[in-house]
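Please walk me through this protein model, beginning with how two of its helices are set against each other and then moving on to the rest of the chain. I would like each step explained carefully enough for a newcomer to follow.

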Amino acid sequence: MTASKQLIIDIHAHPTFTDFMQEGHAPPKPWPANKKLDVVADPSKMGIAMHLTSKQYKGQQPKMFSVKEFKEHLNETHNMINFLCPLTKGQSAKESNEKAAKLIKQFGGKAIGFAGFDPSGKDPVGDIEYAVYELGFKGLKIIPSLLGLDINDKLFYPCYEKIQELGVPITIHTGAGLIMGCRINHVRPILIDDVAFDFPGLKIIAAHMGCWDYMDVHSLLLRHANVYSDLSAWPLDPVYVDLLPWKVFEQTVSDKLMLGSDYPAAQTPQEALEVVDSLPISEEFKRKIKGENAAKLLGIK
Ligand SMILES: [Zn+2]
């Protein structure tokens, strides 16, 4: 990296491509304009998510790349991409993480990954250790609503304990993101308050800044030294971006927010980056969001 080039880290993307897909992780589909959302549909039939971002509101398919095209796309700007691999109910952590780890290796040093686990599985703590020690994952990721559990469910506690011990971060989905069949109650961001109190050494990333509950996440960021947030999907969506008090965030939580695209569910890494560039904030805060905060959290020099 040259001195003039900014550090760009996309902390929230998914390993879903036209020529590679994790089992159970169907790509997002456009939602027909004006069609009522059926939130009680079975998520296992829908794959991981039916996000409604501005593109899908217009009935457009978010852009998907092949692995090769995605590498080229990143090469234009990005220093690093983080692939998140949360599980849907009943999926094997070992198989899913092994498959993702192979894909991540294809990117050389440019990609890292956060592995999935299911606390209802046979040996979730063992799955976490295997993912970090053997497969080289740099963190973990869960969408508790896909597992039918609350963020602060005690079933997660032995896993949180292990992740804290390993010293790696965990990304937790927060907010009403329109994932089919999933109850908002499981992923209310404020539930992170319990986890942050009970595991003060656990580095927690609240994904999507809580979607529309961004001020709840703001409270968590102010209260807890160990809570961070990524801005993927809703906060950087052109339909919603102007709602957020960016100047307040700059004065209060500027060291806690990180760039994320939620590729391919929401934006391409480039699109997310362009939205950050357009925010009404200082260049210094933009640099922190684009990569400096993530580098610090991940221990990248
Ligand atoms: Zn995501």
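In this predicted model, helix 10, which covers residues 269-277, and helix 11, which covers residues 283-298, have axes that come within 10 Å and cross at roughly 160 degrees. Angles over 145 degrees count as roughly antiparallel, and helix 10 and helix 11 are therefore roughly antiparallel to each other. The crossing of these two helices, helix 10 and helix 11, is right-handed. On the side of helix 10 the residues that take part are Leu 273, Val 276 and Asp 277, and they meet Lys 286, Ile 289 and Lys 290 in helix 11. Sorted by character, the residues of this contact of helix 10 with helix 11 comprise 3 nonpolar and 3 charged ones, with no polar residue.

Helix 11 also holds Phe 285, and here one can ask whether this residue is buried or exposed. With 21 other C-beta atoms within 10 Å, Phe 285 is buried, because a residue needs 20 or more such atoms to be given that label. If its neighbours within four places in sequence are left aside, Phe 285 is in contact with Glu 250 and Ser 254. Phe 285 can also be related to Phe 249, for the two are 36 residues apart along the chain while their C-alpha atoms are separated by 9.4 Å.

Phe 249 comes up again when we turn to Met 215, a residue of helix 8, which runs over residues 214-223. Met 215 and Phe 249 are 34 residues apart in sequence, and their C-alpha atoms are 9.9 Å apart in space. Met 215 has 14 other C-beta atoms within 10 Å and is partly exposed, since that label belongs to residues that fall between the limits of 12 or fewer for exposed and 20 or more for buried.

The loop between strand 6, residues 204-207, and helix 8 contains His 208, and Cys 211 has its place in the loop between strand 6 and helix 8 as well. His 208 has a positive phi of about 65 degrees although it is not a glycine, and Cys 211, which is not a glycine either, has a positive phi of about 55 degrees. How many other C-beta atoms lie within 10 Å of His 208? There are 31 of them, so His 208 is buried, and Cys 211, with 23 other C-beta atoms within 10 Å, is buried too.

Another backbone detail is found in the loop between strand 8, residues 257-258, and helix 10, where Pro 264 has its place. Tyr 263 and Pro 264 are joined by a cis peptide bond, with an omega of about -5 degrees.

A second pair of helices can now be set beside the one we began with. Helix 5, residues 124-134, and helix 6, residues 157-166, have axes that come within 9 Å and cross at roughly 25 degrees. Angles under 35 degrees count as roughly parallel, and helix 5 and helix 6 are therefore roughly parallel to each other. Helix 5 passes helix 6 in a right-handed crossing. The contact is made by Pro 124, Val 125, Ile 128, Glu 129 and Val 132 of helix 5, together with Pro 158, Cys 159, Lys 162, Ile 163 and Leu 166 of helix 6. Of the residues in this contact of helix 5 with helix 6, 8 are nonpolar, 2 are charged and none is polar.

Earlier in the chain, Glu 69 is found in helix 3, which covers residues 67-75. Glu 69 counts as partly exposed because it has 14 C-beta neighbours inside 10 Å. Glu 69 and Thr 18 are 51 residues apart along the chain, and their C-alpha atoms are separated by 9.8 Å.

Finally, we can step back to the chain as a whole. The protein chain has 11 helices and 8 strands, and buried residues make up 48% of its 301 residues. Among the contacts in the protein chain with a separation of 6 or more, 77% are accounted for by residues 24 or more positions apart. The mean pLDDT of the protein chain is 89, and 85% of its residues reach 70 or more. Over residues 43-51, however, pLDDT stays under 50, and for these residues the model has 35 contacts beyond four places in sequence.

Notes. Residues numbered from 1 in each chain as written. Predicted model: local features only at pLDDT ≥ 70, side-chain atom pairs only at ≥ 80, totals over all residues. Helix = DSSP H or I, 4+ residues; strand = E, 2+ residues; numbered from the N terminus. Contact = placed C-beta atoms within 7 Å. Axes fitted to C-alpha atoms, helices over the stretch in contact; angles between N-to-C directions. Parallel < 35°, antiparallel > 145°, perpendicular 65-115°, else oblique. Left-handed = near helix turned anticlockwise from the far one by under 90°. Nonpolar A, V, L, I, M, F, W, Y, C, P; charged D, E, K, R; others polar. pLDDT = per-residue confidence, 0-100.
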